Each structure stands twice: as C-alpha cells, then as structure tokens.
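Student: I have a structure open and want to learn how to read it. Can we go through some features one at a time?

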Amino acid sequence: MMTSLIKTIAFNQPRKVISNIFVRTFSKAELPQFETLLVSEPKKYVYHVELNRPKKSNTFTRTMWQEIQTCFSTLSNIPQCRVIVLTGQGKHFCGGIDLQTLVQMAAEAEELEDVARKARFHYNFIKYAQDTISSLEECVKPVICVTHNACIGAAVNLITAADIRYCTEDSWFSVREVIVGLAPDVGALQRLPKIVGNGSVARELCFTGRNFDAKEAKEIGLVSQVFPDKDTALVKVLEIAESIAAKSPVAVQATKVSLVYSQSRPNQEGLEHIRLINSVNNQGEDLTKAAIAQATKSPPPDFDNV
Ligand SMILES: CC/C=C\C=C\CC(=O)SCCNC(=O)CCNC(=O)[C@H](O)C(C)(C)COP(=O)(O)OP(=O)(O)OC[C@H]1O[C@@H](n2cnc3c(N)ncnc32)[C@H](O)[C@@H]1OP(=O)(O)O
C-alpha cells in the first residue's frame with residue numbers, strides 16, 4: 001500500500017512540476033502559417049507582424065483574435081526573435097472588431113436559453129479577447145507598433161498593450177466602443193489613462209468616441225513619434241528595432257518584464273522584482289561582455305539568443 005502510494009507520488013509529482021515550470025521554445029520554422037497575419041523577419045532578430053485582412057480594414061474576426069494570441073505567445077518563445085514590429089496591410093491599420101462577428105456572437109449567446117449560460121458565453125469571449133490583447137504585453141520581446149490611417153476600437157486597445165507606439169501623419173484614432181453601444185473591455189480603460197497620464201483626456205476620448213489625429217496622439221503621449229508616411233516609418237522603425245535587437249536580449253527582456261510588472265504596482269514591489277531578476281542575470285555572460293566592450297570602447301559584442 002505504502003509502496004504504491006510512494007510510486008504514485010513519485011510518478012505524478014515531478015510531471016506536474018515540470019509542466020508548470022518549463023515553457024517550450026520554438027524554432028522559426030515552427031511558427032504557424034496564419035490566415036489573418038503575415039509574419040516575416042526583415043532584419044536579423046527583428047520580426048514583422050502585419051495584420052492581413054486589408055479588404056476588410058484588418059478588422060478582428062474570431063480567427064484573428066486567436067491568431068494574434070498564438071503569434072505573440074509563440075514569438076515570445078522563439079529565441080531568434082528579439083523585437084517585434086506590428087503594422088497593418090492595406091489602407092488602414094485596423095478598423096476594430098469585425099461588426100459582423102460582434103453581431104454573430106450576440107446572436108449565438110441569444111440562442112442559449114438561460115441567462116447564466118448566456119452570461120458565461122459572453123464572459124468567455126471577452127476573456128479570450130482580453131487575453132489576446134494582453135499577449136502583446138505578456139510577450140517578453142519588445143513590441144513596437146506603427147499605425148497608419150484608421151486605428152479604431154479594438155485596435156486602440158491593441159496598441160495600448162504594445163511597448164512603443166508610432167504613427168504616420170495620416171493616422172487617426174477613435175476609442176469607438178461607446179458609439180457601437182459597448183464599454184471598452186479589452187484594455188483601453190486600464191492602459192490608456194496610464195499611457196496618457198491624464199484621466200481627463202482619457203475619459204473624454206472614451207466617453208465621446210471622437211476621432212483624434214496624429215498630432216493630438218503625439219501631444220497626449222499615445223504615440224512617441226509621427227512619421228510622414230508608412231514607408232518612411234518602416235525604414236526608421238526597423239532601424240530602431242535593429243538597435244534594440246543588437247543589445248543583450250537578457251537585459252532587454254528583463255527590462256520589459258520589469259516595466260510591465262511595475263506599471264500597476266508600488267515602487268517597492270517593482271524594485272524587489274527586478275532585484276531578484278538581476279541577482280540571477282547579473283551572473284550571466286551578457287553583463288561581462290557588454291561591460292568590457294563599453295569600458296574598452298570596443299564594438300558592441302554579439303550576444304547569444306535566449
Ligand atoms: C469582446 C469585444 C472585444 C472588442 C470590441 C471592440 C469594439 C470595437 O472595435 S468598436 C469599433 C468597431 N469598428 C467600427 O465601428 C469601424 C467601422 N468602419 C469604419 O469606420 C470604416 O469602414 C473604416 C474602417 C474607417 C474604413 O473606411 P473606408 O476606407 O471608407 O472603407 P470602407 O469601404 O468603409 O471599408 C472597407 C471594407 O472594410 C469593411 N469594414 C470596415 N470596418 C468594418 C468593421 N468594423 N466590421 C466589418 N467590416 C468592416 C467594410 O465593410 C468594407 O468591406 P466591403 O466588403 O467593401 O463592404
């Protein structure tokens with residue numbers, strides 16, 4: 001009896017632990033083919049993800065929600081990927097949620113008879129959509145997005161989960177949800193006020209749903225730079241991405257993780273978090289290599305992928 005109990009514990013316990021602590025890494029070749037996204041590697045270690053439903057203004061269908069989540073969580077675990085640039089194919093960056101999908105989801109919920117079941121259906125869909133947007137934040141690689149022309153509703157939510165936002169001069173934005181009868185529920189209400197640092201501005205944009213242009217987006221701090229057009233933006237942004245990708249990936253990724261962790265916590269908690277991370281990372285080879293290169297005015301070293 002005792003032996004079989006010990007065997008059971010010995011057999012089950014490590015497997016449980018292993019499945020919790022090991023995250024699989026992927027090779028480039030394992031990145032799935034997507035229906036609604038294009039993924040390329042225009043520069044070494046820099047991945048370019050493009051929303052790819054141009055005929056439908058890159059609006060979010062169920063497939064696109066699912067693919068964005070898969071894409072960013074997979075890229076997070078591809079060692080060759082160090083920085084991700086996110087743009088949209090075609091005329092617009094993104095027109096928000098596909099309104100047909102929204103209506104269809106409401107109709108599917110309506111078919112359920114009981115209110116608790118209808119509620120569970122909506123709850124699960126909202127949670128899935130929230131997790132999709134959060135996958136940009138949870139991805140340990142910096143995500144840089146560049147918007148052009150329209151960036152509406154779910155798309156504003158999406159870019160607020162990116163690390164760096166740029167746009168083109170023709171860009172315009174709208175936290176459109178209230179206009180289609182919704183309270184924004186996939187991150188804009190949580191992230192936008194922190195980004196713009198002004199509750200009054202954020203509330204005005206969310207309550208009215210009004211359009212605002214690139215100039216205003218720069219003024220309120222939603223984007224950090226405005227480029228004349230998409231081609232110019234891409235050239236410059238890929239240079240910025242390349243510069244980040246040339247740094248120690250251990251240092252860059254710990255920086256992102258710490259920034260994300262600290263954004264909604266007291267300073268002391270953030271400080272303890274980075275103290276623990278760096279008590280490990282500071283023993284690594286990247287610090288020695290980079291510090292020696294700086295001290296000896298040598299060219300930046302190459303770092304191994306992580
Ligand atoms: C759990 C819930 C999670 C998230 C919820 C998010 C809420 C939101 O996202 S609210 C915002 C919803 N989006 C909109 O209200 C945008 C509506 N569309 C527009 O304002 C315009 O179409 C445009 C995006 C500014 C583009 O304008 P224009 O350049 O003049 O082209 P169009 O001919 O209007 O559109 C081209 C093509 O795209 C289709 N399309 C555009 N937006 C949507 C959309 N939201 N849903 C579905 N389809 C859309 C449009 O129908 C055209 O396709 P055709 O086949 O040519 O008709």
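Tutor: Start with the largest pocket, and remember that this is a predicted model. Helix H3 (99–111) and helix H4 (115–138) each give its lining at least two residues.

Student: Which helix gives the most to the lining of the largest pocket?

Tutor: That is H3, with five residues.

Student: How is empty space found in the first place?

Tutor: A probe the size of a water molecule is rolled over the atoms, and this shows where empty space is left. Here the largest pocket has a volume of about 490 Å³. It is lined by 24 residues, and those closest to its centre are Ile-97, Leu-102, Glu-177, Val-180 and Leu-182.

Student: How many residues of each class are in the lining of the largest pocket?

Tutor: Sort them by class. There are 14 nonpolar, six polar and four charged residues in that lining.

Student: What about cavities? How many of 30 Å³ or more are there?

Tutor: A cavity is space where the probe fits but cannot get out, whereas a pocket is open. The count of cavities of 30 Å³ or more comes to one. The largest cavity has a volume of about 40 Å³.

Student: Which residues line the largest cavity?

Tutor: Read along the chain. The lining holds Arg-82 and Val-83, then Ile-244, Ala-245, Lys-247, Ser-248, Pro-249, Val-252 and Gln-253. Two elements give two or more residues each: helix H9 (230–245) and helix H10 (249–262). H10 has the largest share, three residues. By class, the lining of this cavity has five nonpolar, two polar and two charged residues.

Student: Now the ligand. Which residues come nearest to the ligand?

Tutor: There are 23 residues around the ligand, and the nearest are Lys-56, Lys-91, His-92, Gly-95 and Ile-97. Ile-97 is also among the residues closest to the centre of the largest pocket. The shell around the ligand has 10 nonpolar, six polar and seven charged residues.

Student: How do I read a polar contact with the ligand?

Tutor: Look for a pair of N or O atoms within 3.5 Å. Take Lys-91: an N or O atom of its side chain is 2.6 Å from an oxygen atom of the ligand. Ile-97 uses its backbone instead, with an N or O atom 2.8 Å from a ligand oxygen. For Arg-176, a polar side-chain atom lies 3.4 Å from an oxygen atom of the ligand.

Student: How much of the ligand's accessible area does the protein cover?

Tutor: On its own, the ligand has 1,100 Å² of accessible area. The protein covers 69% of that.

Student: Next, backbone angles. What sign does phi have in most residues?

Tutor: Most residues other than glycine have a negative phi. Ser-57 has a positive value, near 55 degrees. Lys-297 has a positive phi too, near 50 degrees.

Student: Where do Ser-57 and Lys-297 sit?

Tutor: Ser-57 is in the loop between strand E2 (46–51) and helix H2 (62–76). Lys-297 is in the segment after helix H12 (285–295).

Student: Why does Ser-57 count as partly exposed, and why is Lys-297 exposed?

Tutor: Use the cut-offs: buried is under 20% relative accessible area, and exposed is over 50%. Ser-57 is partly exposed because its relative accessibility is 27%. Lys-297 is exposed because its relative accessible area is 79%.

Student: Is Val-186 buried or exposed?

Tutor: Val-186 has a relative accessible area of 7%, so it is buried. It lies in the loop between strand E7 (172–174) and helix H6 (188–196).

Student: How do I compare distance along the chain with distance in space?

Tutor: Pick two C-alpha atoms and check both numbers. Val-186 and Leu-287 are 101 residues apart in sequence and 37 Å apart in space. Now try Ser-243, in helix H9. Its C-alpha atom is 9.7 Å from that of Val-83, and the two residues are 160 apart along the chain.

Student: What about Arg-62 and Thr-101? How far apart are their C-alpha atoms?

Tutor: They are separated by 7.1 Å, with the two positions 39 residues apart along the chain as the sequence offset. Arg-62 is found in helix H2. Its relative accessible area is 35%, so Arg-62 is partly exposed.

Methods:
Residues numbered from 1 in each chain as written. Predicted model: local features only at pLDDT ≥ 70, side-chain atom pairs only at ≥ 80, totals over all residues. Heavy atoms only, no water. Near = heavy atom within 4 Å. Polar contact = N/O pair within 3.5 Å; in protein donor to acceptor, adjacent residues only side chain to side chain. Areas by Shrake-Rupley, 256 points an atom, 1.4 Å probe, with all protein chains shown as cover. Nonpolar A, V, L, I, M, F, W, Y, C, P; charged D, E, K, R; others polar. 1 Å grid on protein atoms, 1.4 Å probe; cavity = no way out; pocket = protein on both sides within 12 Å on 5 of 7 lines; lining within 4 Å. Points joined across faces, edges and corners; volume = space filled by probe spheres on them. Helix = DSSP H or I, 4+ residues; strand = E, 2+ residues; numbered from the N terminus. Buried < 20%, exposed > 50% of the residue type's maximum accessible area, 1.4 Å probe, protein only.
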